[in-house]
Amino acid sequence: MPTLAVALRVRFNEKWEWCGMATRITARQKAGEAALGGSGGSIAVLVIHGPNLNLLGEREPEVYGRTRLADIDNELKRLGRELEMKVETFQSNSEGGIVDRIQKARGKCDVLLINPGAYTHTSVAIRDAIVAVSIPVIEVHLSNVYRREPFRHHSTIADIAHGRIMGFGAESYSLALRAARTIAEESRRRSG
Ligand code: DQA
């Protein structure tokens with residue numbers, strides 16, 4: 001594993017400061033930076049939106065709100081820059097498309113945020129893909145599924161998710177992105 005000298009920006013006494021240090025760059029970090037265009041060890045987050053979420057803003061606004069998917073994605077990218085994280089977003093209406101995107105993220109991203117839409121309640125394939133890539137996952141929903149029909153109460157990924165955030169509309173995603181930063185930092189600290 002190569003050892004490199006890097007300049008690191010650290011938060012010290014409430015101020016951001018630069019410091020020089022030698023560090024080991026892992027293959028996963030390098031791949032993540034290359035894949036998401038990052039630099040300096042940015043935390044890479046992939047956000048996946050499942051079926052029908054491309055219609056946000058028009059689809060059942062009384063349940064899902066009036067914010068469009070593009071606005072959610074733009075806000076996540078803006079917040080990502082603020083938190084010094086690289087955020088990539090992806091939407092698909094097909095289960096296979098989501099499985100393919102999860103597989104592609106293997107070794108290239110630190111945390112996965114996923115709102116599998118209706119596949120939340122049915123998809124063993126999405127669950128298996130998440131387990132296969134070993135990336136920590138946060139399950140996100142706009143609505144509080146427990147205040148809705150009983151068939152929405154079951155999630156195939158609830159027990160393998162690091163955590164679940166739901167019921168805050170578009171803000172569920174921003175809350176999840178903040179949580180993703182904590183998860184990634186903890187896991188990098190653990191792996192030294
Ligand atoms: C949803 C909840 C699901 O039950 C539903 O099928 C969706 C959206 C949510 O974000 O609240 O498509 O995942």
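**Reading the predicted model, from helix α6 to the ligand shell**

Mentor: In this predicted model, the 21 residues of helix α6 (residues 171-191) should span 30 Å at 1.5 Å a residue, and the end C-alpha atoms of α6 are 31 Å apart, which agrees.

Trainee: Which residues of α6 are buried, and do they line one face of the helix or fall on opposite faces?

Mentor: The buried residues of α6 are S172, Y173, A176, L177, A180 and A184. Seen down the axis of α6, these residues fall within an arc of 130°, so they line one face of the helix.

Trainee: Which exposed residues sit on the face of α6 turned away from its buried side, and what does the buried side pack against?

Mentor: The face turned away from the buried side carries the exposed residues T182, E185, E186 and R189. The buried residues of α6, for their part, pack against one helix and several strands, namely α3 (69-82), β3 (43-49), β5 (111-115), β6 (137-141) and β7 (163-166).

Trainee: Which residue follows α6, and what is its phi?

Mentor: The residue that follows α6 is G192. Its phi is positive, near 65°.

Trainee: How many helices and strands does the chain have, and what pattern do they follow along the sequence?

Mentor: The chain has six helices and seven strands. Read along the sequence, these elements follow the pattern β-β-α-β-α-α-β-α-β-α-β-β-α.

Trainee: Of the contacts in the chain with a separation of 6 or more, what percentage is accounted for by residues 24 or more positions apart?

Mentor: An example of such a separation is the pair E139 and L113, which are 26 residues apart along the chain while their C-alpha atoms are separated by 6.2 Å. For the chain, residues 24 or more positions apart account for this percentage of the contacts with a separation of 6 or more: 67%.

Trainee: Which residues touch the most other members of the largest nonpolar core, and which strand gives the most to this core?

Mentor: In soluble globular proteins, nonpolar side chains tend to be buried together. Here the largest nonpolar core has 35 residues, of which V45, V111, L112 and L113 touch the most other members. The strand that gives the most to this core, with six residues, is β3.

Trainee: Leaving out residues up to four places away in sequence, which residues does V111 touch?

Mentor: V111 is one of the core residues that touch the most other members. Not counting residues up to four places away in sequence, V111 touches V45, I135, P136, I138, A180, I183 and A184.

Trainee: Where is A105 found, why does it count as buried, and which residues does it touch?

Mentor: A105 is found in the loop between α4 (95-104) and β5, and A105 counts as buried because it has 24 C-beta neighbours inside 10 Å, where 20 or more are needed. A105 and I135 are 30 residues apart in sequence but 8.5 Å apart in space, C-alpha to C-alpha. Not counting residues up to four places away in sequence, A105 touches L46, L112, V133 and I135.

Trainee: Why is E139 counted as buried, and in which strand is it found?

Mentor: E139 is counted as buried because 25 other C-beta atoms lie within 10 Å of its own. Leaving aside neighbours within four places in sequence, E139 is in contact with I114, S155, I157, A158, A161 and R164. The strand in which E139 is found is β6.

Trainee: Which residues of α5 (124-133) are buried, which are exposed on the other side, and what do the buried ones pack against?

Mentor: In α5, I126, R127, A129 and I130 are buried, and they cover an arc of only 160° around the axis, which puts them on the same side of α5. On the other side, V124 and A132 are exposed. The buried residues of α5 pack against α4 and β6.

Trainee: What phi does S134 take just after α5, and is S134 buried or exposed?

Mentor: S134 lies in the loop between α5 and β6, and its phi is near 55°, a positive value in a residue other than glycine. Because 9 other C-beta atoms lie within 10 Å, S134 is exposed.

Trainee: Which residues surround the ligand, and how do they divide into nonpolar, polar and charged?

Mentor: The residues around the ligand are N52, N115, G117, A118, T120, H141, L142, S143, V145 and R152. Of these, N52 lies in the loop between β3 and α2 (61-64) and has a positive phi, near 70°. The residues of this shell divide into three nonpolar, six polar and one charged.

Terms used:
Residues numbered from 1 in each chain as written. Predicted model: local features only at pLDDT ≥ 70, side-chain atom pairs only at ≥ 80, totals over all residues. Near = placed C-beta within 6 Å. Nonpolar A, V, L, I, M, F, W, Y, C, P; charged D, E, K, R; others polar. Helix = DSSP H or I, 4+ residues; strand = E, 2+ residues; numbered from the N terminus. Expected span 1.5 Å × (residues − 1). Buried ≥ 20, exposed ≤ 12 C-beta atoms within 10 Å, placed from the backbone. Arc of directions from axis to C-beta. Contact = placed C-beta atoms within 7 Å. Core = buried A, V, L, I, M, F, W, Y, C linked by C-beta atoms within 7 Å.
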